[in-house]
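Please work through the following exercises with the structure in view. Attempt each task before reading its solution.

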Amino acid sequence: MIVRATFGATRIQTNRSRLQRPPADRRYALKAMASGGQGGSERTVPRIVICGGGIIGAATAHYLAEKGFAEAVTVVERHEPACAASGKAGGFLALDWNDDSPVGPMARLSYRLHEQLATQLGAERVGYRAVHTLQVIGVEKPPAGGSSTRLRGSEKLPDWVDGHVVGMSEMGDPTDTAQVHPHKLTTALLESAVTRGSRLLQGRVEGLQLEEMAGRDDTGVEAGKAGACRVTGVIVDGVVIPADVAVIAMGPWSGVAKEWLRTSAGSGNDGIGASGEAADCSASRSLLPGLTITGQKYHSVVLRPHKPVTNHMLFTGFKYASGRLVEPEVYPRPDGTVYVCGEPQTLPVPPSAAEVHVEEQLGNNIRIVAGSLASCLAQAPVETLQACYLPCAPDGLPVIGPVPQCQGAFLATGHTCWGILNAPATGLVLAEMIAEGRSSSCDVTALSPSRFAGGRQGNARP
């Protein structure tokens, strides 16, 4: 059975890089893989296709390469690596800010993995450093009769924060907060895998090829169940790439998995027909009927001030002159730029990353906040104005692990604003599940896709 779902968006041209095959070779590569060109005739490791070239997919590819599976891995990205939130997020890292949720143990593990990756890949290369983190309360218009002197007790407020600040407190220090440049880290993780033999292909994933199964399978990836199915391929631009494992890590676009992951209620006549069209799914049922992945949209600007700015991250509460209250975040980076994000919106996710609309007015709003808090940011040139969608599951928790009753299918999405922080641990956990059959680094049972089986909406939190 082939289950296919398409977004119907037009392909865009992207700049070539050493991570991407030239377009002329891409189709050849797909054809070679479709004919089984994966190496020797006897497979000792599963053929793995990672759907999505963001930081989750990149981390999974990296840790699979660390386990010796590099040559078995193909990463498929529709546009270019880190083209969505993985390239437009802020990259703030916190050791213990998730301790009161089921994500806590994974966040702590991932924080330490970021430190290790900075050592392994190069801190400067990935934009990693430990930071100070402050809560800053500011206003666009100072209160009448207010003092122009610095706040009492504000000795920890850096000199460059010289604007309309009416309150501050410390939230973290270099022992428990840090930052990374998401785009640089994603690229470095992919390069780590590609240089060891993994493939990175540009193409649109259109669905999965599934085969009905009964009893146990001999691939060693996951024990099968009677009446269940298994992955046998991933459809990319109409071509089936043979695969034993498919990892769906497409951020806010991962919700399509609900339609891809279906098991037939009829006979076992599965596979591609002579015409190459997908099988009729009218008699099939979704394995994850309760899964819905939505997106929360954020805008951000990248400024380049003319003076150095220290490693103090600002989580703000800000009041515009109009009275509107907002909470932008200000992240100075090691390269001399300052990343500022805010203006959250709950909107439908567009068909593709290439169709994310950027609103200039929202970017201007964010600049007003930055300029009101720090004079050096008021007139700083804007290097980038951008927007992205953060993936969200119904219960607000990530979705990580094997799909029930579908051997070889894995999901990794729904990380919300903590996707950059939790990407390394997610990648490591998935690599362990794929390579060793279980996760030994962290228990992510509470994050399993199985919580959306049977029409459930996940784990409701008190």
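Rings of Phe, Tyr and Trp, the last taken by its six-membered ring, count as a pair if their centres lie within 6.5 Å. With this cut-off, F92, W97, F315, Y331, Y339 and W418 form one aromatic cluster. The model is a predicted one.

**Exercise 1. The chain as a whole**

Task: State how many helices and strands the protein chain has, and what share of its residues is buried.

Solution. Step 1: The secondary structure of the protein chain consists of ten helices and 24 strands.
Step 2: Of the 462 residues in the chain, 56% are buried.
Step 3: The contacts may be added to this description. Among those in the chain with a separation of 6 or more, 78% are between residues 24 or more positions apart.
Step 4: The accessible surface of the chain is about 19,200 Å², and carbon and sulfur atoms hold 49% of that surface.

**Exercise 2. Two aromatic pairs of F92**

Task: Classify the pair of F92 and F315 and the pair of F92 and Y331 as stacked, edge-to-face or tilted.

Solution. Step 1: Two quantities are needed, since a pair of aromatic rings is described by the distance of the centres and the angle of the planes.
Step 2: The structure holds nine aromatic pairs. In one of them, F92 and F315 are 5.0 Å apart from centre to centre, with 70° between the planes. Planes over 60 degrees apart count as edge-to-face, so the pair of F92 and F315 is edge-to-face.
Step 3: This pair joins distant parts of the chain, as F92 belongs to strand β4 (residues 92-94) and F315 to strand β17 (residues 312-319), 223 residues apart.
Step 4: F92 has a relative accessibility of 7% and therefore counts as buried. F315 also counts as buried, because its relative accessibility is 12%.
Step 5: For F92 and Y331, the centres are 5.8 Å apart and the planes enclose 20°. Planes under 30 degrees apart count as stacked, so the pair of F92 and Y331 is stacked.
Step 6: The stacked pair likewise links distant parts of the chain: F92 in strand β4 and Y331 in strand β19 (residues 329-332) are 239 residues apart. Y331, at 5% relative accessibility, therefore counts as buried.

**Exercise 3. A sheet and a helix across it**

Task: Give the strand order of the open sheet of six strands, and name the strands that helix α2 lies across.

Solution. Step 1: The order of the six strands is β9-β3-β2-β13-β24-β22, and the pairing is mixed.
Step 2: At the edges stand β9 (199-202) and β22 (399-402), each of which pairs on one side only. From one strand to the next, the twist averages 20°.
Step 3: Within the sheet, strand β2 (residues 48-51) and strand β3 (residues 73-77) pair in the parallel sense over four bridges. C51 has V76 in β3 as its bridge partner.
Step 4: Helix α2 (residues 55-66) lies across β2, β3 and β24 (409-413), and runs at about 155° to β2.
Step 5: The axes of α2 and helix α6 (residues 182-194) come within 8 Å and cross at roughly 35°, in a left-handed crossing. Residues making this contact include I55, A58 and H62 of α2 and L185, L189 and A193 of α6.

**Exercise 4. A hairpin**

Task: Which residue in the hairpin of β11 and β12 takes a positive phi?

Solution. Step 1: Strand β11 (residues 229-236) and β12 pair in the antiparallel sense over four bridges, and V236 stands opposite V239 in β12.
Step 2: Two residues lie between the strands of this hairpin, and D237 takes a positive phi near 50°.
Step 3: Strand β12 (residues 239-242) is covered on both faces: V239 and I241 on one side, and V240 and P242 on the other, are all buried.

Key
Residues numbered from 1 in each chain as written. Predicted model: local features only at pLDDT ≥ 70, side-chain atom pairs only at ≥ 80, totals over all residues. Heavy atoms only, no water. Buried < 20%, exposed > 50% of the residue type's maximum accessible area, 1.4 Å probe, protein only. Contact = heavy atoms within 4.5 Å. Areas by Shrake-Rupley, 256 points an atom, 1.4 Å probe, with all protein chains shown as cover. Pairing = 2+ DSSP bridges. Axes fitted to C-alpha atoms, helices over the stretch in contact; angles between N-to-C directions. Left-handed = near helix turned anticlockwise from the far one by under 90°.
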